[in-house]
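Biologist: Hi! I have a structure open here and would like to walk through it with you. Could you help me?

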Protein chains: 2
Amino acid sequence: MKTSNSVVVRDTTLRDGLQNIARTVPTANKLQWLQALYDAGLREIEVGSFVPPQRLPQLADTAQIVAAAKQLPGLQVSVLVPNLKGALAAIDSGADLMVLPLSASHAHSLANLRKTPDQAVEDIARIREAIDAAGSSCQLEVGMSTAFGCTLQGAVESDEVLRLVEAVLHVGADHVSLADTVGYANPLQVKQLFERTFAIAGERLSCAHFHDTRGLGLANVMAALETGIRRFDVCVAGIGGCPHAPGASGNVNAEDLVFLMHSMGLATGVALDGLLQLRTHITQELAGENFQGAIWRAGLPKTMLPTDATAPLAALAD
Amino acid sequence: MKTSNSVVVRDTTLRDGLQNIARTVPTANKLQWLQALYDAGLREIEVGSFVPPQRLPQLADTAQIVAAAKQLPGLQVSVLVPNLKGALAAIDSGADLMVLPLSASHAHSLANLRKTPDQAVEDIARIREAIDAAGSSCQLEVGMSTAFGCTLQGAVESDEVLRLVEAVLHVGADHVSLADTVGYANPLQVKQLFERTFAIAGERLSCAHFHDTRGLGLANVMAALETGIRRFDVCVAGIGGCPHAPGASGNVNAEDLVFLMHSMGLATGVALDGLLQLRTHITQELAGENFQGAIWRAGLPKTMLPTDATAPLAALAD
């Protein structure tokens with residue numbers, strides 16, 4: 001179990017946030033968002049997806065965004081890739097990390113990637129070979145999506161998730177993450193699955209990706225934090241969602257998660273005021289979309305701890 | 001630490017929910033809400049406050065509501081009382097439980113009750129005497145409000161909260177509860193203060209009262225649950241709030257809390273569909289007010305556990 005007093009907030013506004021919104025944000029505006037995220041202190045940003053542009057035209061400018069992001073010192077630039085073709089584009093782009101989603105739900109895997117989970121594992125082996133053959137330093141993370149249930153299939157067995165985690169590590173994934181793609185997870189389930197995954201993957205279990213569809217987003221974040229996870233995917237204003245999760249609300253809200261961490265004395269390196277300014281900008285630019293979040297409205301408590309404060313975090317793991 | 005697989009959901013829609021809403025809901029409508037709550041399976045309901053009607057005209061019919069509520073078999077009927085006069089009214093009404101708020105924040109205590117916390121403790125001693133002198137079976141709960149911080153004073157020291165808990169137990173409170181009146185609490189603070197309070201109060205620490213002002217409501221519920229608390233105050237549609245907490249959103253949402261508990265296999269005895277019907281009714285009747293909640297929009301996951309399922313709850317306390 002990690003007991004570090006700092007947490008990495010990985011922003012995915014430009015990818016998960018925009019993939020489920022019909023309108024296309026102009027590249028110049030995305031670059032403004034990117035700069036604002038960076039200026040607010042974020043140092044890991046998922047900037048797009050290398051998917052066919054006819055499938056997600058909103059993200060067709062991903063190579064341009066990666067190129068610009070690579071100019072920002074100290075930024076880890078990540079992209080989502082659905083397959084080998086996308087992985088080759090990611091290698092070419094110079095991204096630091098590619099995230100390949102693997103649906104633990106067979107039904108979701110077929111709907112989203114048009115292959116079974118085990119066929120996706122074979123793809124990952126080929127992607128590993130391609131990265132190594134290219135002499136690329138791009139890291140490979142497999143995001144275990146629908147790890148907590150699926151709107152198409154219903155229950156997803158933890159044993160199946162763990163089997164697939166083992167398989168993707170075996171074929172060369174550098175990292176794995178667990179994703180509640182459709183907002184089905186509860187804190188007890190999160191605690192149990194993260195603990196079991198840590199037992200298999202150790203430090204290679206790197207990130208938790210939650211949606212707040214049913215209001216349990218931050219409760220699930222806390223459950224994962226208690227197992228030792230120190231990296232969380234977020235979207236500004238809580239935008240985002242999966243095309244295969246009807247009625248889904250978005251990713252865990254970036255501002256609220258940063259507030260949660262700071263309130264407990266965990267450092268994120270993120271300036272909440274900068275993030276809140278970006279939120280205002282995004283909600284104006286995307287007027288009419290669904291937004292989530294609370295801290296923007298209520299403001300900080302008088303008692304707010306400074307972001308660099310440290311707290312006896314070990315108490316969380318009692 | 002309790003490891004019971006059931007949780008008591010105590011509804012306070014008719015009290016905390018309505019006290020911060022300017023309009024007055026007619027008595028007949030309140031009785032419909034009460035019946036709907038009862039029909040949905042709630043067996044502990046706070047139905048009003050015995051405060052001066054000129055201060056809270058919305059709650060001036062509390063005695064009538066108590067009388068009606070007392071007709072519902074097996075229902076524990078509670079009321080809020082600010083002082084001895086209110087306590088005498090509660091005894092006369094036949095309520096089963098009176099909840100007396102004691103602000104651990106001196107500034108909030110003076111603003112809300114016009115007395116210091118220690119003067120409030122003296123009141124509680126007099127109320128205890130009055131209950132006993134009347135031969136009443138009405139239980140006395142002291143709600144330690146602003147236990148996690150205060151919009152007026154800022155920080156509230158845990159040592160001061162604990163000193164006051166000891167004092168009110170010493171003068172005869174049957175139960176104490178901890179309330180985050182203004183939405184300042186974070187999960188680490190909740191875990192620590194509930195643990196320390198359990199060490200003093202044992203089973204007499206009976207309830208957790210959270211507001212979702214800054215989005216941490218359910219994360220705080222989980223933190224308290226892990227310390228052994230098995231009773232939570234809620235409001236339907238997440239209405240409610242403290243007149244001294246500007247910008248505050250309401251109490252923890254009843255529907256989302258019930259969903260959270262059921263998702264982990266904890267029984268509440270509450271039928272979520274009945275609660276959701278009442279939510280629809282209330283949001284129509286109170287159109288224009290602020291409402292919170294997520295599960296009403298997203299609907300239950302396919303994987304939803306039945307309400308009577310049991311889970312290895314001990315895992316939560318690992």
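Biologist: Let's start where the chains meet. How many residues of chain B are in contact with chain A?

Modeller: Happy to help! Keep in mind that this is a predicted model. In it, 42 residues of chain B are in contact with 42 residues of chain A.

Biologist: And what area is buried between chain B and chain A?

Modeller: About 3400 Å², and carbon and sulfur atoms give 63% of that. Leu188(B), Arg214(B) and Lys302(B) supply 18% of the area that chain B buries against chain A, more than any other three residues.

Biologist: How many salt bridges are there between chain B and chain A?

Modeller: The count is zero salt bridges. For polar contacts between chain B and chain A, the count is 11 residue pairs, with both residues at pLDDT 80 or more.

Biologist: Which elements give two or more residues to the side of chain B that touches chain A?

Modeller: These are H8, helix H9 (217-227), helix H10 (254-263) and helix H12 (295-298) of chain B. The largest share comes from H8(B), with five residues.

Biologist: Let's look inside H8, then. Is Thr197(B) buried or exposed?

Modeller: Thr197(B) sits in helix H8, which covers residues 187-201 of chain B. Its relative accessibility is 0%, so Thr197(B) counts as buried, the cut-off being under 20%.

Biologist: What is Thr197(B) in contact with, leaving aside its neighbours within four places in sequence?

Modeller: Thr197(B) is in contact with Leu162(B), Val165(B), Leu178(B), Gly202(B) and Leu205(B).

Biologist: Now H9. Why does Asn220(B) count as buried?

Modeller: Asn220(B), which is in helix H9 of chain B, counts as buried because its relative accessibility is 1%. A polar atom of the Asn220(B) side chain lies 3.1 Å from the backbone oxygen of Ala185(B).

Biologist: Which residues does Asn220(B) touch, not counting those up to four places away in sequence?

Modeller: Besides Ala185(B), Asn220(B) touches Asp180(B), Asn186(B), Pro187(B), Val190(B) and Phe210(B).

Biologist: Switching topic: how many residues does helix H2 of chain B have?

Modeller: Helix H2 has 13 residues, 27-39. From its first C-alpha to its last, H2(B) reaches 18 Å, close to the 18 Å expected at 1.5 Å a residue.

Biologist: Which residues of H2(B) are buried?

Modeller: Lys30(B), Trp33(B), Leu34(B), Leu37(B) and Tyr38(B) are buried. Seen down the axis of H2(B), the buried residues fall within an arc of 135 degrees, so they line one face of the helix. On the other side of H2(B), Ala28(B) and Asp39(B) are exposed.

Biologist: What do the buried residues of H2(B) pack against?

Modeller: They pack against two strands, S1 (8-11) and S2 (44-49), and against the helices H1 (13-19), H3 (62-69) and H11 (272-285), in chain B. Just after H2(B), Gly41(B) takes a positive phi of about 110 degrees.

Biologist: One more helix, please. Which residues are buried in H5 of chain B?

Modeller: In helix H5 (residues 106-113), His108(B), Ser109(B), Asn112(B) and Leu113(B) are buried. They cover an arc of only 100 degrees around the axis, so they are on the same side of H5(B).

Biologist: And what covers the buried residues of H5(B)?

Modeller: The cover includes strand S4 (97-103), helix H6 (117-133) and strand S5 (139-145) of chain B. Just after H5(B), Arg114(B) takes a positive phi of about 60 degrees.

Notes
Residues numbered from 1 in each chain as written. Chains lettered and ligands numbered in written order. Predicted model: local features only at pLDDT ≥ 70, side-chain atom pairs only at ≥ 80, totals over all residues. Heavy atoms only, no water. Helix = DSSP H or I, 4+ residues; strand = E, 2+ residues; numbered from the N terminus. Expected span 1.5 Å × (residues − 1). Buried < 20%, exposed > 50% of the residue type's maximum accessible area, 1.4 Å probe, protein only. Arc of directions from axis to C-beta. Contact = heavy atoms within 4.5 Å. Buried area = accessible area lost by both parts, 1.4 Å probe. Salt bridge = Lys/Arg side-chain N within 4 Å of Asp/Glu carboxyl O. Polar contact = N/O pair within 3.5 Å; in protein donor to acceptor, adjacent residues only side chain to side chain.
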